[in-house]
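Colleague: I have a model open and would like to learn how to read it. Could you take me through it feature by feature?

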2 protein chains.
Amino acid sequence: MSPAAVNSWQAVQEEVLRRIRVRAWKPGEMIPNEAELAREFGCARATVNRALRTLAEAGVLDRKRRAGTRVTLQPISKAIIDIPVIRREIEDRNQRYGYAMTFRRIEPAPLSVRARLRAASDMRLLHLIAVHLADARPYVVEDRWINLDAGPKAEQVDFSRISANEWLLANAPYTHGDLSISAEHLRAEEAELLDIDASGAALTITRTTWNGAQAVTTVRLSYPPGYRLNTAL
Amino acid sequence: MSPAAVNSWQAVQEEVLRRIRVRAWKPGEMIPNEAELAREFGCARATVNRALRTLAEAGVLDRKRRAGTRVTLQPISKAIIDIPVIRREIEDRNQRYGYAMTFRRIEPAPLSVRARLRAASDMRLLHLIAVHLADARPYVVEDRWINLDAGPKAEQVDFSRISANEWLLANAPYTHGDLSISAEHLRAEEAELLDIDASGAALTITRTTWNGAQAVTTVRLSYPPGYRLNTAL
DNA sequence: TTAAGTATTATGTGCATACATAATTACATG
DNA sequence: CATGTAATTATGTATGCACATAATACTTAA
């Protein structure tokens, strides 16, 4: 069979993946350089470049200038987990979204929270606890601290009507953040809000965002037992 | 100040991000089209294209042909979690890697596992349980089922010497897979292997991989309480 | 008035070319 | 032999151009 021109970057990508899969190019091995592949596939080098670059971003290939491209020896699977706005997460499941704030106070934060925010002890923090509901049933508990020094307007907002999640998204820009996932025992009050037995193991997502050097907010989301984060590889 | 030429795609990207951050372009709003931006920045349209395309992949922009580009209203944060080979995960922490297989038997799988593998009841499955150690201390328990119909060689391999994780990576190609993260109570035997109190909440990662329509393997990794998956936003 | 067809337009992609940059190799020099 | 330097090379990126494609806006016909 004659080598049909593989001249879209997706086609190149698929052909490369195929060769890796059938072990024509083995893990750790070098693959031909872009110019050669372009010649073989009958396309421009830029096209090969885009295909290989994308595969490198996906962790399938290792590329170094001058050194060339090789098949990743131990591919780190990158699980891309979409963390949507909770309202959307629920509405995408075709459930009715609900929200209830159960606590609001400007108060000093415990050490663990201050550490997350790298906060001086005099930072003014608004503490909110709320439950997000799916079809009127508790879906996730949100325990949030908002830095009022970063966005003083937050003090005036009625967070019993609009979720902090959404208000901040629209009003408090951030430059970067960090996120951590862990399994934790539910605290008694959280279990109560979720309306479940306190003995459960809760998937917990902690997210802190920054605007430059200034902490914006930190949240701890506690999902009830059984909740799963799914992703394709 | 004169508009210095912004002529690398990273520079364009940063400028775009800056404008979004300072709310010059507000969430939901259209931004100028590629040609205009190229003119403004003094660079080629392809350069703008790459910058915007990358931002769209990151979820910051929404792009549609003909319709144009707008700032994402509710950016879905994509948490990219690297799931490395466990040996590497441990060695990257500058700890000594160890491995011990504690169970190996070809046996019929329970329903939950068969469901994950979409397995007929006559599929031959090798069941392995192993512990990965960091500095001789239990790090994670691995409960794995390998489809011998997909790769019969696995039956001959001495998995007490090499971890299934690494052997499969090198010998059993897969086309796709799925991964799910949840919080679960440790089973008694797992708690024992991890050498901890059984009451802990364990972060559990379940991963199943496929080669075409054929299941290759499914693993359940149980990490002890306190383990965190971290990522930057 | 509505439906079908057409023009327009912004993004998506391919190509050829040029040059930049990092990393390696080869070489020269002490 | 060690070491610094220059040549080489594969990838990285910018550019100008062309055309493809999807989505919208507009026009025309029933």
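Modeller: We will go through the two copies, their contact, the DNA surfaces, the sheets and two single residues. Keep in mind that this is a predicted model.

Colleague: Start with the copies. By what turn and what shift can chain A be laid on chain B?

Modeller: Superpose them and read the operation. Here the turn is 180 degrees, the shift along the axis is 0.0 Å, and the RMSD is 0.1 Å. The two copies are thus related as by a two-fold rotation axis. The same surface serves both: 100% of the contact residues of chain A recur in chain B.

Colleague: Now the contact itself. How many residues does each chain put in?

Modeller: Interface size can be expressed in several ways. One that is often given is the accessible area lost when the parts come together. Here we count residues in contact: 39 from chain A and 39 from chain B.

Colleague: Which elements of chain A give two or more residues to the side that touches chain B?

Modeller: They are strand E4 (77–83), helix H6 (164–171), strand E8 (176–185), strand E9 (201–211) and strand E11 (228–232) of chain A. E8(A) has the largest share, with 10 residues. By class, this side of chain A has 22 nonpolar, 10 polar and seven charged residues.

Colleague: Strands can pair between chains, too. Which strand of chain B is joined to E8(A) by bridges?

Modeller: Strand E11 (residues 228–232) of chain B is. Five bridges join the two strands, which run antiparallel. Take Ser180(A) as a marker: its bridge partner in E11(B) is Asn230(B).

Colleague: What is the partner of Ser180(A) in E9(A)?

Modeller: In E9(A), Ser180(A) is bridged to Thr206(A). E8(A) and E9(A) pair in the antiparallel sense over 10 bridges. In a regular strand the side chains alternate between the two faces of the sheet.

Colleague: Where does the pairing go after E9(A)?

Modeller: E9(A) also pairs with strand E10 (residues 214–223) of chain A, antiparallel, over nine bridges. Within that pair, Thr209(A) has Thr217(A) as its bridge partner. E9(A) and E10(A) form a hairpin with two residues between the strands. Check the backbone there: Gly212(A) takes a positive phi near 65 degrees.

Colleague: Is E9(A) mostly covered or mostly open?

Modeller: Mostly covered. Of its 11 residues, 10 are buried.

Colleague: On to the DNA. How many residues surround DNA strand C, and which are the closest?

Modeller: List the neighbours, then sort them. There are 23, and the closest are Ser8(A), Cys43(A), Ala44(A), Arg66(A) and Asn33(B). Helix H3 (45–57) of chain A, and helix H3 (45–57) and strand E3 (68–71) of chain B, each supply at least two residues of this surface. H3(A) gives the most, with four residues. The classes are six nonpolar, seven polar and 10 charged.

Colleague: And which residues are closest to DNA strand D?

Modeller: Asn33(A), Ser8(B), Cys43(B), Ala44(B) and Arg66(B) are the closest of 22 surrounding residues. H3 and strand E3 (68–71) of chain A, with H3 of chain B, each supply at least two residues. By class, the surface near DNA strand D has six nonpolar, seven polar and nine charged residues.

Colleague: E3 of chain B sits in a sheet. In what order do the strands of that sheet come?

Modeller: Read an open sheet from edge to edge. Here the order is E1-E3-E2 in chain B, with antiparallel pairing. Strand E1 (30–31) and strand E2 (61–64) of chain B are the edges; each has a single partner strand, so one side of each is left without a neighbour in the sheet. Four bridges join E2(B) to E3(B). Among the facing residues, Leu61(B) stands opposite Val71(B) in E3(B). H3(B) lies across E2 and E3 of chain B, at about 115 degrees to E2(B).

Colleague: Last, single residues. Is Arg96(A) buried or exposed?

Modeller: Count the C-beta atoms around the residue; 12 or fewer within 10 Å means exposed. Arg96(A) has 11, so Arg96(A) is exposed. Its place is the loop between helix H4 (86–92) and strand E5 (97–106) of chain A.

Colleague: What about Glu89(B)?

Modeller: Glu89(B) is in helix H4 (residues 86–92) of chain B. With 18 other C-beta atoms within 10 Å, Glu89(B) is partly exposed. Glu89(B) and Ala134(B) are 45 residues apart in sequence, yet their C-alpha atoms are 9.6 Å apart.

Methods. Residues numbered from 1 in each chain as written. Chains lettered and ligands numbered in written order. Predicted model: local features only at pLDDT ≥ 70, side-chain atom pairs only at ≥ 80, totals over all residues. Least-squares fit on C-alpha atoms with pLDDT ≥ 70 in both. Contact = placed C-beta atoms within 7 Å. Nonpolar A, V, L, I, M, F, W, Y, C, P; charged D, E, K, R; others polar. Pairing = 2+ DSSP bridges. Near = placed C-beta within 6 Å. Axes fitted to C-alpha atoms, helices over the stretch in contact; angles between N-to-C directions. Buried ≥ 20, exposed ≤ 12 C-beta atoms within 10 Å, placed from the backbone.
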